[in-house]
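Open the model in your viewer and keep the selection tool handy. We will go from stop to stop, choosing residues and looking at what surrounds them.

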Amino acid sequence: MADVAVLDRTYDFILRRLVAESRAPPPPPARADGRRPAELAASRPRSDRVVPPFNNLPTQYRLGVGGEWKWFAQCGLEALAACWAFPGRTVEIKAPCLHCGQPIEVAVRDGRIERAAPATTRFYVSVPVREWRANLVYT
């Protein structure tokens with residue numbers, strides 16, 4: 001069982017690097033036995049979603065802070081949640097509507113939406129929150 005304090009510090013380190021540099025830190029070098037840490041975790045599904053809400057690869061959910069557009073979110077919900085990584089700052093979100101393809105722009109600061117264009121923008125998830133774990137592909 002992993003030490004929770006170590007996991008918390010690791011999460012904090014990765015998140016701070018993502019905020020500062022828009023990329024997760026590179027994986028550690030190979031161990032003395034030649035195996036890389038990723039090989040040791042081969043049983044886990046591979047993901048580019050390093051630390052929610054950020055994605056290490058470009059997605060349609062672009063995030064901008066202070067005029068810098070260097071972050072990406074995994075999904076619309078996580079794009080909104082990105083504001084907690086930038087306390088006191090406005091996070092701009094640009095994404096296409098997945099229904100019609102029209103551009104959507106949202107600004108959120110400290111959990112409050114400051115503006116949305118178009119003004120009729122709504123966030124919708126077709127799977128109830130209580131069923132998300134059973135339907136991760138659709139949430």
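Start by selecting Cys 83 in this predicted model. Cys 83 is buried, with a relative accessible area of 7%. Next, pick Cys 100, which takes part in no disulfide. The nearest cysteine sulfur to Cys 100 is that of Cys 97, at 3.7 Å. That distance is too long for a disulfide, because the two sulfur atoms would have to lie within 2.5 Å. The structure as a whole holds zero disulfides.

**The whole chain**

Now switch to a cartoon view. You should find three helices and five strands, and from the N terminus on they run α-α-β-β-α-β-β-β. Of the 139 residues, 24% count as buried. If you display contacts with a separation of 6 or more, residues 24 or more positions apart account for 39% of them.

Colour by pLDDT before going further. The chain averages 80, and 77% of the residues score at least 70. Which stretch should you treat with care? Over residues 40–47, pLDDT stays under 50, and the model has two contacts beyond four places in sequence for that stretch.

**The nonpolar core**

Select Phe 54, Leu 63, Trp 71, Ala 79, Phe 86, Val 91 and Ile 93 and show their side chains. These are the residues that touch the most other members of the largest nonpolar core, a group of 20 residues. The elements that give two or more residues to this core are α1 (4–21), β1 (61–65), β2 (68–73), β3 (90–96) and β4 (103–109). As a general point, nonpolar side chains in soluble globular proteins tend to be buried together.

Centre the view on Leu 63. Beyond four places in sequence, Leu 63 touches a long list of residues, including Phe 54, Trp 71, Ala 79, Val 91 and Ile 93 from the selection you just made. Ala 82 and Glu 92 are also among the contacts of Leu 63.

**The β1–β2 hairpin**

Stay with Leu 63 and look across to the neighbouring strand. Which residue of β2 stands opposite Leu 63? It is Trp 71. The strands β1 and β2 pair in the antiparallel sense over four bridges, and together they form a hairpin with two residues between them. Click on Gly 66 in the turn: its phi is positive, at about 60°.

**Two prolines, buried or exposed?**

Select Pro 53, in the loop between α2 (37–40) and β1. At 1% relative accessibility, Pro 53 counts as buried. Leaving aside neighbours within four places in sequence, Pro 53 is in contact with Phe 72, Ala 73, Gln 74, Glu 78, Ala 81, Ala 82 and Trp 84. For a distance to check, try the C-alpha atoms of Pro 53 and Leu 80: they are 27 residues apart along the chain and separated by 8.6 Å.

Then go to Pro 103, which lies in strand β4. Pro 103 counts as exposed, at 56% relative accessibility. Not counting residues up to four places away, Pro 103 touches Ala 95, Pro 96, Ala 117 and Pro 118. The C-alpha atoms of Pro 103 and Ala 117, 14 residues apart along the chain, are separated by 8.3 Å.

**Salt bridges**

The last stop is charged: the structure holds five salt bridges. Side chains of opposite charge can pair when their charged atoms come close. Here are some of the pairs to select.

- Arg 17 and Glu 21: the closest N and O atoms are 3.2 Å apart. Both residues sit in helix α1, four residues apart, so they are separated by about one helical turn. Arg 17 is partly exposed at 24% relative accessibility, and Glu 21 is partly exposed at 42%.
- Glu 68 and Lys 70: here the closest N and O atoms are 3.5 Å apart. Glu 68 counts as partly exposed at 40%, as does Lys 70 at 24%.
- Arg 115 and Glu 92: the closest N and O atoms are 2.7 Å apart. This pair links distant parts of the chain, with Arg 115 in strand β5 (residues 112–117) and Glu 92 in strand β3, 23 residues apart. Arg 115 is partly exposed at 46% relative accessibility, and Glu 92 is partly exposed at 22%.

How values were computed: Residues numbered from 1 in each chain as written. Heavy atoms only, no water. Core = buried A, V, L, I, M, F, W, Y, C linked by side-chain atoms within 4.5 Å. Buried < 20%, exposed > 50% of the residue type's maximum accessible area, 1.4 Å probe, protein only. Contact = heavy atoms within 4.5 Å. Pairing = 2+ DSSP bridges. Salt bridge = Lys/Arg side-chain N within 4 Å of Asp/Glu carboxyl O. pLDDT = per-residue confidence, 0-100.
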